[in-house]
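I opened the notebook to look up a few things in this structure. The entries follow in the order I made them.

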Amino acid sequence: MASHRIEKINGQIQRELSLIIQQKMKDSRLNRDTLSVTRVKAAPDLKTAQVFVSVMGGADEKQEVLALLDRAKGFLRSNLGKVLKVHSIPALTFKLDDSIEYGMHIDSILASLKKGETTDEESSNPAD
């Protein structure tokens, strides 16, 4: 029962943080095209929550965005408190989630393998 409640709160924190970052944060480096909140993992006691974000760009840009989010923890937590109906708002910890980039990398590898297979098949079957 408690795990279902935590999952529900995780989803709500993820949705609300995405909206707060997109609509209320004024920093242009945090635009919605390059940043997305991919997952939230709150502790069972709701004292802390790890927020996984995906940032498109280079390593420097990723670290810069993480630093910006880290400095804005208080602002984000305060705004979460206005919309979440829980006793205490968890302390936020931001972590990079590179699963989207990893998936894109795997897709490109598969596409190149598929392209290589079709050219190999064409060369082994000479035209009549």
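How much area does the protein expose, and what share of it do carbon and sulfur atoms supply? I note first that the model is predicted. I read about 8,700 Å² of exposed area for the protein, with 52% of it supplied by carbon and sulfur atoms.

Next I looked up burial. Of the protein's 128 residues, 30% count as buried.

Then I went through the secondary structure. I find four helices and three strands. Read from the N terminus, the order of elements is α-β-β-α-α-β-α.

I also checked the contacts. Taking those between residues at least 6 apart in sequence, I find that 64% join residues at least 24 apart.

Salt bridges came next. My search of the whole structure turned up one. It pairs the side chains of Asp70 and Lys73, at 2.8 Å from N to O. I looked up the accessibility of both partners. Asp70 has 43% relative accessibility and so counts as partly exposed. Lys73 has 28% and therefore also counts as partly exposed, since the partly exposed class lies between 20% and 50%.

Last, I looked at the surface for nonpolar side chains. I find a nonpolar patch formed by Tyr102, Ile106, Ile109, Leu110 and Leu113. Together these residues have about 470 Å² of accessible area. I picked out Ile109 for a closer look. Ile109 sits in helix 4, which covers residues 99-124. Its relative accessibility is 35%, so I enter Ile109 as partly exposed.

Conventions. Residues numbered from 1 in each chain as written. Predicted model: local features only at pLDDT ≥ 70, side-chain atom pairs only at ≥ 80, totals over all residues. Heavy atoms only, no water. Patch = residues over 30% accessible without salt bridge, like charges linked within 9 Å, V, L, I, M, F, W, Y side chains within 5 Å. Areas by Shrake-Rupley, 256 points an atom, 1.4 Å probe, with all protein chains shown as cover. Salt bridge = Lys/Arg side-chain N within 4 Å of Asp/Glu carboxyl O. Helix = DSSP H or I, 4+ residues; strand = E, 2+ residues; numbered from the N terminus. Buried < 20%, exposed > 50% of the residue type's maximum accessible area, 1.4 Å probe, protein only. Contact = heavy atoms within 4.5 Å.
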